[in-house]
Amino acid sequence: MIRKAREYSRKLWVRVAIMGFMAVFAVVLSTFLEHWIPEGIATTLSGDAADRLLSIIANAMLAVTTFSLSVMVSVYRASSTQWTPRVHRLIIEDRTTQNTLAVFIGAYVYALIAIILREMNVFVDKRAFVLFIVTVIVLAVIVLYLIRWVLHLQTFGSLIDTSRQVEDTTRRTFQERLANPCMGANALTGDIPEDAEIYRAKESGYLQHIYPEGLNEVGKNHGVDIYFMRNIGNFVFVNEPLLAIVRVGDAENDEHTEETLEDGLQKSIILGDVRTYDQDPRFGLIVMGEVGSKALSPGVNDPGTAIDVIHRIGRILAYYKDEVSTDRDEVLEHIYVEPLNPKDLIQDAYGAVARDAGATVEVQQALQATLSGLAQHPDEGLSNAALEAAKLHLRRALSVTDFEPDRERLLQSAQRDVAEAVQKQMTGITDDKGPSQMEKDG
């Protein structure tokens, strides 16, 4: 339930609906409180004063909301074109933007309802004190969010702000996953039992969400263990193997049948047409890599952004820890999920940037420096993965860099053992295929 509530909280219409209900509640509360205000106080303000404020809110909020929506659309399109379309979905979920629009629309709804009730004489001129006070409070909230919105627009959709958003979201998802290794399930490190029954996907799509607690309850009630054959974020085709089910006992009662088992599996596993950041730290790393890769395209030609992305990714990967060896207080005993592979994480993060950087020396140097830092990580798996990636990317960079001083700079930026290993590899290749570029240069 908590996970589903978090998903809905990121939707704009949910926040707008909440603010609309709050506006209705404010009007209803005003009508109720009016009867408890002493007449001497209730008659100090006339209904005309409240009418003027309500008119201002109704007219201004319609214009401001329209303006805000046009800004949002412009930012969404620009970010999709300039950085990567995958960033678009993250910007849509920007909390400041959603909250501001919700307040504007909620205030507009409040003003309309209050004006209608005034015309129906629910609020008479002699007893509009509470309505006036509540309207002033609504105006104060509007001004507060308007100032916050203006300040937010100074950086909204900019490269730095967008990169920071992607980094924060990816880091949060990454830390949540590592704090609850394998999503709370057992680590699937060996082979799936041979007697397992295959559960196939009912539709094609990305594996977006898994509700592990509900899935574990399904396994417990039906006496089965559930092995995930595909990882979160993978694209699954219809009728492709998705789960492996192993019978380990009997169902708790006759109410739990094959039909309820399949129904429980379908409700606990969500497939969709796009990848999401929830539960999928690898997707965030891929998006950050795409931002760096796009910055290296000839149309943008911004190596500084690629370097910034490389460092941001390095900060995220520094949080890595082995999911298998992490101690946990509680494990969902009926579910098995494959742990994160550090080689996959580094490939997702740096594969595109390293390839597209080519002979851009400053980017390759930043990449080698970052991988050298990750090679000092206390986790042996991540350290070894960083070293292997450093060798691969250095070899690629040297193969496309002809200018000898640039080649020397690349070698100096890498770890000594990485540089020596790559030089030996490339020397062996050139010995087999003919003279190297250095020999050609004299």
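Trainee: Which helix supplies the largest share of the lining of the largest cavity?

Mentor: This is a predicted model, where local features need pLDDT of at least 70 and side-chain atom pairs count only at pLDDT 80 or more, while totals for chains, interfaces and linings use all residues. Residues are numbered from 1 along each chain as its sequence is written, and side-chain values use heavy atoms, with hydrogens and water left out. Helices are DSSP runs of H or I, at least four residues, numbered from the N terminus. Both α8 (159-179) and α11 (281-295) supply at least two lining residues each, but the largest share, 3 residues, comes from α8.

Trainee: How do the residues of that lining divide into nonpolar, polar and charged?

Mentor: Here Ala, Val, Leu, Ile, Met, Phe, Trp, Tyr, Cys and Pro count as nonpolar, Asp, Glu, Lys and Arg as charged, and the others as polar. The lining is made of Thr162, Ser163, Val166, Met288, Val291 and Val309. That gives 4 nonpolar, 2 polar and no charged.

Trainee: Okay, and which helix gives the largest share of the largest nonpolar core?

Mentor: A nonpolar core is a set of buried Ala, Val, Leu, Ile, Met, Phe, Trp, Tyr and Cys residues joined through side-chain atoms within 4.5 Å, and buried means under 20% relative accessible area with a 1.4 Å probe, protein chains only. The largest one has 84 residues, with Tyr110, Ile313 and Ile346 among those with the most contacts inside it. Its largest share, 12 residues, comes from helix α4 (residues 47-82).

How values were computed. Buried means under 20% relative accessible area, exposed over 50%, partly exposed in between (1.4 Å probe, protein chains only). On a 1 Å grid over the protein atoms alone, a cavity is a set of points where a 1.4 Å probe fits but cannot get out, and a pocket is an open set with protein on both sides within 12 Å along at least five of seven lines; lining residues have an atom within 4 Å of a point.
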